[in-house]
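Colleague: I'm new to reading protein models, so could you walk me through this one? I'll ask, you explain.

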Amino acid sequence: FFNAIWQSVRENGHWRGEIWSRRKDGSVFPELLTISTILNKDEPVGYVTVFSDISTLKAHQEKLDYLAHHDPLTGLPNRVALDEFTTAMLKHSERSGEVAAIMAIDLDGFKPINDTHGHHAGDELLREIATRMQEEARETDFVARVGGDEFIIVLLHLEDGNGALRFGQRLLRAIEMPVTLEDGTEVHVSASAGISLFPYHGREAQPLCVLADMALYEAKGKGRNAVVMYELPETQAVNVLTAASSAS
């Protein structure tokens, strides 16, 4: 790395970039370093280096990046982070030949809690539901909040749709457990979920999210507190969806 720096200085007369440096107390910090060549009759006779501690700037940039990719209420990734993750992970699933699932989740009965107990209670409830989703999800899964009481979970490394359905049923049971608010009030909500599968329902992130939403609306229409797999009329999807449906 340092050989490349000095090669740039010799060829271009200067180098500018970020390096890691160490303070006298042994702590490591990011440093912006500039090296410039001093010339005398076109011959290098010395070098000037200017450096500055950019740890505060880095911390500020990291905070801005976090805010741009996370929901401030629950701390979950937001839609921006979801889009980036889903696109990358579906490419990985395509290379590995594995099945992935997009699960759209919407809480049932959330608005009455907001109206009856206030928005602070609603925020408490959303934070608790987000925690339960993370606890149910595996380390390789991705949980995001994409709107008021709307969430999306990306499930990876699946063999077929059965695993997604089983996860959805387990998640809904966890969500419908009572939630005790800070003031001692006990509230109850349920959830509805819709699932689309990669590669059976599509190979692009955005269309798969749309299909998962369509399945979610069907779950709402069936009485709520249900998990529904999106269904395609094409022959290649029939066997997978029939096997998945039997698990419910």
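Colleague: What radius of gyration does the protein have, set against a compact globule of 248 residues?

Modeller: Keep in mind that this is a predicted model. A compact globule of 248 residues would come out near 18 Å. The C-alpha atoms here fill a box of roughly 85 × 55 × 25 Å along the principal axes. For the protein, the radius of gyration is 26 Å.

Colleague: How much of the protein reaches a pLDDT of 70 or more?

Modeller: pLDDT is the predictor's confidence in each residue, and its mean over the protein is 89. Over residues 235-248 the pLDDT is below 50, though in the model this stretch has 20 contacts beyond near neighbours in sequence. As for residues that reach 70 or more, the share is 94%.

Colleague: What percentage of the residues count as buried?

Modeller: Here, buried means under 20% relative accessible area. The protein exposes about 14,100 Å², with carbon and sulfur atoms supplying 51% of that. Out of the 248 residues, the buried share is 43%.

Colleague: Why is strand β6 largely enclosed by the rest of the structure?

Modeller: Let's count along the strand, which runs over residues 150-158. It has nine residues, and β6 is largely enclosed because the number of them that are buried is seven.

Colleague: Which residue of β6 stands opposite M103, and is also the bridge partner of V143?

Modeller: Start with the strands that pair with β6. Strand β4 (residues 99-108) pairs with β6 in the antiparallel sense over seven bridges, and β5 (residues 142-147) does so, also antiparallel, over five. M103 has its opposite number in β6, and V143 has its bridge partner there too. In both cases that residue is I153.

Colleague: How many residues lie between β5 and β6 in their hairpin?

Modeller: These strands pair in the antiparallel sense. Together β5 and β6 form a hairpin, and the number of residues between them is two.

Colleague: How far does helix α5 reach from its first C-alpha to its last?

Modeller: Helix α5 covers residues 119-136, which gives it 18 residues. At 1.5 Å a residue, the expected span is 26 Å. The model comes close to that, with a reach of 26 Å.

Colleague: And which residues of α5 are buried?

Modeller: An α-helix has 3.6 residues a turn, so residues three or four places apart point the same way. With that in mind, look along α5 in the structure. Its buried residues are A121, G122, E124, L125, L126, I129, A130, R132 and M133.

Note on methods:
Residues are numbered from 1 along each chain as its sequence is written. This is a predicted model: local features need pLDDT of at least 70, side-chain atom pairs count only at pLDDT 80 or more; totals for chains, interfaces and linings use all residues. Side-chain values use heavy atoms; hydrogens and water are left out. pLDDT is the predictor's confidence in each residue, from 0 to 100. Contact means heavy atoms within 4.5 Å. Helices (H or I, at least four residues) and strands (E, at least two) are DSSP runs, numbered from the N terminus. The expected span of a helix is 1.5 Å times one less than its number of residues. Buried means under 20% relative accessible area, exposed over 50%, partly exposed in between (1.4 Å probe, protein chains only). Two strands pair if DSSP finds at least two bridges between them. The radius of gyration is taken over C-alpha atoms; the globule rule is 2.2 Å times the number of residues to the power 0.38. Accessible areas come from the Shrake-Rupley method with a 1.4 Å probe; for residues, only the protein chains shown count as cover.
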